[in-house]
Amino acid sequence: MPESSSTQPSGWRSRIRALIRELGKFGTVGGISFAIDVAIFNVLLQAGFETLIAKTISTVIATTFAFAGNRFWTWRDRAHTNMARQYTVFFVLNAIGLGIGLACLAISHYGLGQLSPVFQTQLADNISGQLVGTAAGSLFRFWSYRRFVFPATTPPGTPPRQENRPAGASPPPSPIRDTA
């Protein structure tokens, strides 16, 4: 009777563990970026900046930190062929994440603020922009950074690329394409 390998985790379990490690690193970088964002946002509000301008500035600064943290720590083992392209795609996707956060802030501050002035307070702006907006934007960011900015060198379930393919064989799937 063949001996079962209890020391090696199954493919599924090792993928879950790797995903948990990625989420932990992404969360750590995101937590530090969040603290940078909150601190700068509140300093700018106290300095008299308009709410959406303050949020945009704080997010751009925090995003620069997040790019460096994610590129050089979270996904350091992934493909890094063109830093300018990665930086550009990262910021485009982050702009979408920023839009999600700004939409939450705008709905609360300007939309609900028309119903009650309590939604135009600094506390309400922090709850809607920093907590709700950042949470929704972070879900989008994790998925999109992982898929488009820092793609796996080989997609899950795909055998390693073989350089000596027979003539006429189709190329391996793109790591950027959404295979899920």
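The accessible surface of the protein chain comes to about 11,000 Å², and carbon and sulfur atoms account for 66% of this area. The structure is a predicted model. Of the 180 residues in the protein chain, 31% are buried. The chain holds 4 helices and 0 strands, so that the order of elements from the N terminus reads α-α-α-α. Among contacts in the protein chain with a separation of 6 or more, 70% join residues that lie 24 or more positions apart.

The largest nonpolar core has 12 residues in all: F26, V29, A66, F67, W75, F90, L93, F140, F142, Y145, V149 and F150. At least two residues of this core come from each of helix 1, helix 2 (51–74), helix 3 (83–111) and helix 4. Helix 4 makes the greatest contribution, with 4 residues.

One member of the core, V149, was examined further. When residues up to four places away in sequence are not counted, V149 touches R85, Q86, V89, F90, L93 and S144. Two of these partners, F90 and L93, are themselves listed in the largest nonpolar core. R85 is located in helix 3. The relative accessible area of R85 is 32%, and R85 is therefore partly exposed, since this class lies between the limits of under 20% for buried and over 50% for exposed. Along the sequence R85 and V149 are 64 residues apart, while their C-alpha atoms are 8.4 Å apart in space.

Another member of the core, F150, can be related to the loop between helix 2 and helix 3, where T81 is placed. T81 has a relative accessibility of 78% and therefore counts as exposed. T81 and F150 are 69 residues apart along the chain, and a distance of 9.9 Å separates their C-alpha atoms.

Helix 1 (residues 11–46) packs against helix 4 (residues 122–149) at an angle of about 145°, and the two axes are 11 Å apart. The crossing of helix 1 and helix 4 is right-handed. On the helix 1 side, the contact is formed by L19, E22, L23, F26, F34, D37, V38, F41, N42, L45 and Q46. Helix 4 contributes Q122, N126, Q130, L131, T134, S138, R141, F142, Y145 and R146. Sorted by class, the residues of this contact are 10 nonpolar, 7 polar and 4 charged. F26 of helix 1 and F142 and Y145 of helix 4 take part in the contact, and these three residues are also listed in the largest nonpolar core.

Within this contact, N42 belongs to helix 1. The relative accessibility of N42 is 17%, and N42 is therefore buried, the limit for this class being under 20%. Apart from its neighbours within four places in sequence, N42 is in contact with Q122 and N126. Both Q122 and N126 are among the helix 4 residues that form the contact with helix 1.

Helix 4 also packs against helix 2, at an angle of about 35° and with the axes 13 Å apart. Helix 2 crosses helix 4 in a right-handed sense. Here T51, K55, T59 and N70 of helix 2 meet D125, G129, Q130, T134, R141 and Y145 of helix 4. The contact of helix 2 with helix 4 comprises 1 nonpolar, 6 polar and 3 charged residues. Q130, T134, R141 and Y145 of helix 4 appear both in the contact with helix 1 and in the contact with helix 2.

K55, one of the helix 2 residues that meet helix 4, was also considered relative to I40. I40 is in helix 1. With a relative accessibility of 22%, I40 is classed as partly exposed. I40 and K55 are separated by 15 residues in sequence and by 8.5 Å in space, C-alpha to C-alpha. With neighbours within four places in sequence left aside, the contacts of I40 are S58 and I61.

Definitions and conventions: Residues numbered from 1 in each chain as written. Predicted model: local features only at pLDDT ≥ 70, side-chain atom pairs only at ≥ 80, totals over all residues. Heavy atoms only, no water. Buried < 20%, exposed > 50% of the residue type's maximum accessible area, 1.4 Å probe, protein only. Contact = heavy atoms within 4.5 Å. Areas by Shrake-Rupley, 256 points an atom, 1.4 Å probe, with all protein chains shown as cover. Axes fitted to C-alpha atoms, helices over the stretch in contact; angles between N-to-C directions. Left-handed = near helix turned anticlockwise from the far one by under 90°. Nonpolar A, V, L, I, M, F, W, Y, C, P; charged D, E, K, R; others polar. Core = buried A, V, L, I, M, F, W, Y, C linked by side-chain atoms within 4.5 Å.
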